Amino acid sequence: MHLYKAACADIPSPKLGLGKSGDSALKGKRPLVGPQARLPAWCGPGKSSGAVERKHLEKFLRVHGLSLQETVRAETGMPYRNLGKSGLRVSCLGLGKWVLFGGRIRDEVAERLMTIAYESGVNLFDTAEVYAAGKAEVILGSIIKRKGWRRSSLVITTKLYWGGKAETERGLSRKHIIEGLKGSLQRLQLEYVDVVFANRPDSNTPMEEIVRAMTHVINQGMAMYWGTSRWSAMEIMEAYSVARQFNMIPPVCEQAEYHLFQREKVEVQLPELYHKIGVGAMTWSPLACGIISGKYGNGVPESSRASLKVLPKMTSHVVNEIDTILRNKPYSKKDYRS
């Protein structure tokens, strides 16, 4: 999972020895360093440079007997960005739980993966009520409790839509949003999640009801922010407009699929929302379910996702790409680069 967001000034890491820096507007690009680094005009009043912000932060830390060298950012080199226009600082890389946690790997392996990620500066851990029928949330919560990590150092996100077999356990009704999030918190053994996502749009529920329910769970302290996943730009804009009309809380980011075969939404459809309403983007499946890694060049590996008896509901274009690779000759390295 990769955080994609056009942000304002960032505090450079002393470990990296940077002077001035600004977060890149595009995923994968390095921040500008040196005289050409400038903040965009829309960053707001003050427009202070990264060097000025760093000076102020160092002064603040000295007062409290701390230094930048003692921060996770300096020790690991992990870059962090704001999630949307919120003040929540999120690592540029996150660890998702789809497919893996709750059956595909042993709990001991899951804990090792979590530990490696956390010690490398990753603070974003994403799950959903539907992952392994809730087992992924149980494992994630157990690991956090067992490791004794400070809750304030973690950004935990979960997604709601498919909660059970009953008609009232699905969708984005006020009933399911509230009850579904309560169930997720019980499985996670947490008092709150940092971001709760609507896992897909719900045509059966009025947008005002969705926004009101999300505002309610935030006001009740069950979540800090809410976001959308696999929503269209029009649906996100509608949610934002409803929130502004009735003085409610708008979504802070969209969780979207983004890889070599799926670029239009993140690069063409969403940028207007990035700058107009400040929504951010959290992208998933950077390797297109493993296709870009080249693992399907010689058939289906035993431990791959395509080998699952019950194949997760991948998007149609990903399934088509897998079929193409298996039927025809494998892609060459040149094809991947292009």
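These questions and answers concern a predicted model.

Q: Which helix gives the most to the largest nonpolar core?
A: The largest nonpolar core has 58 residues. Those with the most contacts inside it are M114, F125, I156, L181 and V196. The helix that gives the most to this core, with seven residues, is α7.

Q: Which residues does F125 touch, not counting residues up to four places away in sequence?
A: F125 is among the residues with the most contacts inside the largest nonpolar core. Two others named with it there are M114 and I156. Leaving out residues up to four places away in sequence, F125 touches L95, K97, M114, A117, Y118, L140, L154, V155, I156 and T157.

Q: How many residues are in the second, separate core?
A: This core includes L83, V90, V155 and M282. It is separate from the largest one, and its number of residues is 10.

Q: How far apart are the end C-alpha atoms of α7?
A: Helix α7 has 13 residues, and at 1.5 Å a residue these should span 18 Å. The distance in the model agrees with that expectation: the end C-alpha atoms are apart by 18 Å.

Q: Which elements do the buried residues of α7 pack against?
A: The buried residues of α7 are M207, I210, V211, A213, M214, T215, V217 and I218. In general, nonpolar side chains tend to be buried together in soluble globular proteins. The buried residues of α7 pack against α6 (174-188), β7 (193-198), β8 (223-229) and α8 (233-245).

Q: Is strand β9 largely enclosed by the rest of the structure or exposed?
A: On one side of β9, C253, Q255 and E257 are buried. On the other side, E254 and A256 are buried. Five of the five residues of β9 (residues 253-257) are buried, so the strand is largely enclosed.

Q: What is the hand of the β-α-β crossover from β8 to β9?
A: β8 and β9 pair in the parallel sense over two bridges, and T228 has E254 in β9 as its bridge partner. The chain crosses from β8 through α8 to β9, and this crossover is right-handed.

Q: Which residue in β10 is the bridge partner of C253?
A: Strands β9 and β10 (residues 280-284) run parallel and are joined by five bridges. In β10, the bridge partner of C253 is G280.

Q: Which backbone oxygen does the side chain of R151 reach?
A: R151 lies in the loop between α5 (135-147) and β6 (155-160). With a relative accessible area of 17%, R151 falls under the 20% cut-off and so is buried. Its contacts beyond four places in sequence are I156, L190, Y192, V193 and D194. At 3.0 Å, the side chain of R151 reaches the backbone oxygen of Y192.

How values were computed. Residues are numbered from 1 along each chain as its sequence is written. This is a predicted model: local features need pLDDT of at least 70, side-chain atom pairs count only at pLDDT 80 or more; totals for chains, interfaces and linings use all residues. Side-chain values use heavy atoms; hydrogens and water are left out. A nonpolar core is a set of buried Ala, Val, Leu, Ile, Met, Phe, Trp, Tyr and Cys residues joined through side-chain atoms within 4.5 Å. Buried means under 20% relative accessible area, exposed over 50%, partly exposed in between (1.4 Å probe, protein chains only). Helices (H or I, at least four residues) and strands (E, at least two) are DSSP runs, numbered from the N terminus. Contact means heavy atoms within 4.5 Å. The expected span of a helix is 1.5 Å times one less than its number of residues. Two strands pair if DSSP finds at least two bridges between them. A crossover is right-handed if, with the strands pointing away from the viewer, the path from the first strand over the helix to the second runs clockwise. A polar contact is a pair of N or O atoms within 3.5 Å; within protein, one must be able to donate a hydrogen and the other to accept it, and residues adjacent in sequence count only if both atoms are side-chain atoms.
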